[in-house]
Each structure stands twice: as structure tokens, then as C-alpha cells.
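I opened this notebook to keep track of what I looked up, residue by residue. The entries follow the order in which I checked things.

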Amino acid sequence: MVFMKKSLVIIKPDGIGKKIVGEIISRFENENLYISKLKMIHIDRELACMHYCDHKGKPYFERLINYITADSSVVMVLEGEDAVNKVRSIMGNTDPAKAISGTIRSDFGTDITINVVHGSDSTESAEREIKLFFKNYYQ
Ligand code: CMP
């Protein structure tokens, strides 16, 4: 039996600005992940700080929050077998300069902050993040 798993994915403001939302979604769908929730929102500072709470105190935290709150993002829940790891491998390394060619961040990322996409780093993080962005959605 295949267990469906979830990952919270954000297409960050540079993904919208670079006009690659469709391209990014296709890359996930082509790897057998499907969209169970999707919305376009302007993430506010409070939500950004809750989402990135594990990074509080890091030298890059302010730049990260300023960036993610600067413009609209597309936020979605992707589901499929081994969704967290599959999403991470399609996205590539956090730092586009270190990401393998053919991954989203290698192909489209600008730098480690302006890196096009976010994906949950574990099943536990996915549950926490999905509850933040899609209240009452978890099973
Ligand atoms: P993301 O996948 O959205 O999750 C946390 C974000 O913090 C990450 O992408 C990067 O944009 C950012 N980040 C993580 N590590 C660093 C770092 N060393 N320097 C700058 N930004 C970082």
C-alpha cells in the first residue's frame, strides 16, 4: 500500500517575478506529486516569522523575512509518495550555487535567500507549516 504524504511548498516572490510559476508546478506534477491546496497570498511579517521560527537569530533572518514579505507568493500543499524528499530533490540545494543542474534552484535561483522555492524539510515540519498556512487542513 502506498502512503500519501504531504509537503508545504512556497513559490517565493522571485518565482512569481521570473514568470516561472507554471514551470515549477509542472516539474512537481511531472514527478507524480499532486496539488491538494493552492493559494496566492502576500505573506505578512507575523506569518513569515512563525513559518521561519527555526531561523530566528541567524544573521540572514532579517533579509529572509524582508524578502518573503516583499511581494506575493504561491503557497501549496503537494501530496504523493515520499512527498517531502521528492520535493527537496526537485528543488535542489538551498544555495542555488551548490544545487545540481536541472533542479529548480540551480536553474532559476538568484542566491541563497532569493532561491525561488521553499519545501518542508521533514514530515513533522510539513504538518506544522501546513497548519500555519491552511488552517484546519491536516489528516
Ligand atoms: P527555505 O527553503 O525557504 O528555508 C529557509 C530559508 O532560509 C532558505 O530557504 C534560505 O532562503 C534561507 N537560508 C538558509 N540558510 C541560509 C544562509 N546560510 N544564508 C542565507 N539564507 C539562508
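**Entry: Met4**

I note at the start that this is a predicted model. I began with Met4, which belongs to strand β1, residues 4–11. Buried or exposed, or something in between, was my question for Met4. Met4 comes out as partly exposed, because its relative accessibility is 44% and that class lies between the 20% and 50% cut-offs.

I then looked for what Met4 touches beyond its sequence neighbours. Leaving out residues up to four places away, I found Tyr34, Glu79, Gly80 and Glu81. For Gly80 I also looked up the C-alpha separation from Met4, which is 4.8 Å, with the two positions 76 residues apart along the chain.

**Entry: positive phi values**

Next I went through backbone angles. Which residues have a positive phi without being glycine? I recorded Asn32, with phi of about 75 degrees, and Val116, with phi near 75 degrees.

I looked up the setting of each. Asn32 is in the loop that runs between α2 (21–30) and β2 (34–41). Val116 is in the loop between α6 (104–108) and β4 (117–119). For Asn32 the relative accessibility is 63%, so I filed Asn32 as exposed. Val116 has a relative accessible area of 0%, so I filed Val116 as buried.

**Entry: the ligand**

I turned to the ligand and asked where it sits. The ligand occupies the largest pocket. I listed the residues around the ligand: Lys12, Tyr52, His55, Tyr60, Leu64, Thr94, Arg105, Ile112, Thr113, Asn115 and His118.

Which side chains place an N or O atom at a short listed distance from a ligand oxygen was the next thing to look up. I wrote down these three:

- Tyr52: a side-chain N or O atom is 2.5 Å from an oxygen atom of the ligand.
- Arg105: the corresponding distance from a side-chain N or O atom to a ligand oxygen is 3.0 Å.
- His118: a side-chain N or O atom is 3.1 Å from an oxygen atom of the ligand.

I then checked coverage. On its own the ligand has 460 Å² of accessible area, and the protein covers 79% of that.

**Entry: Leu64**

From the residues around the ligand I picked Leu64. Leu64 is part of helix α4, residues 61–68. I classed Leu64 as buried because its relative accessibility is 8%, and buried means under 20%.

What does Leu64 touch, apart from residues up to four places away in sequence? I found Tyr52, His55 and Thr113, and these three names also appear among the residues around the ligand. I looked up one C-alpha distance as well: Leu64 to Ile112 is 9.5 Å, and the two are 48 residues apart in sequence.

**Entry: Ser120**

I moved on to Ser120, in the loop between β4 and α7 (123–133). Ser120 has a relative accessibility of 0%, so I entered Ser120 as buried.

Which polar partners does the Ser120 side chain have? One of them is the backbone nitrogen of Leu8, which lies 3.0 Å from a polar atom of that side chain. The side chain of Glu129 is another, in a polar contact at 2.7 Å. Outside the residues up to four places away, the residues touched by Ser120 are Ser7, Leu8, Val84, Arg88, Ser125, Ala126 and Glu129. Leu8 and Glu129 therefore appear both there and in the polar pairs.

**Entry: Glu127**

Glu127 is in helix α7. I recorded Glu127 as partly exposed because its relative accessible area is 31%. From Glu127 to Lys6 the C-alpha atoms are 7.9 Å apart, with a sequence separation of 121 residues.

**Entry: Arg45**

My last lookup was Arg45, in helix α3 (residues 45–51). The relative accessibility of Arg45 is 38%, so Arg45 is partly exposed. Not counting residues up to four places away in sequence, Arg45 touches Glu62, Ile65, Asn66 and Thr69. I also took the C-alpha distance from Arg45 to Val84, and it is 25 Å for a separation of 39 residues along the chain.

Definitions and conventions: Residues are numbered from 1 along each chain as its sequence is written. This is a predicted model: local features need pLDDT of at least 70, side-chain atom pairs count only at pLDDT 80 or more; totals for chains, interfaces and linings use all residues. Side-chain values use heavy atoms; hydrogens and water are left out. Helices (H or I, at least four residues) and strands (E, at least two) are DSSP runs, numbered from the N terminus. Buried means under 20% relative accessible area, exposed over 50%, partly exposed in between (1.4 Å probe, protein chains only). Contact means heavy atoms within 4.5 Å. A residue is near a molecule or strand if one of its heavy atoms lies within 4 Å of it. A polar contact is a pair of N or O atoms within 3.5 Å; within protein, one must be able to donate a hydrogen and the other to accept it, and residues adjacent in sequence count only if both atoms are side-chain atoms. Accessible areas come from the Shrake-Rupley method with a 1.4 Å probe; for residues, only the protein chains shown count as cover. On a 1 Å grid over the protein atoms alone, a cavity is a set of points where a 1.4 Å probe fits but cannot get out, and a pocket is an open set with protein on both sides within 12 Å along at least five of seven lines; lining residues have an atom within 4 Å of a point. A molecule sits in a cavity or pocket if more than half of its atoms lie within 2 Å of its grid points.
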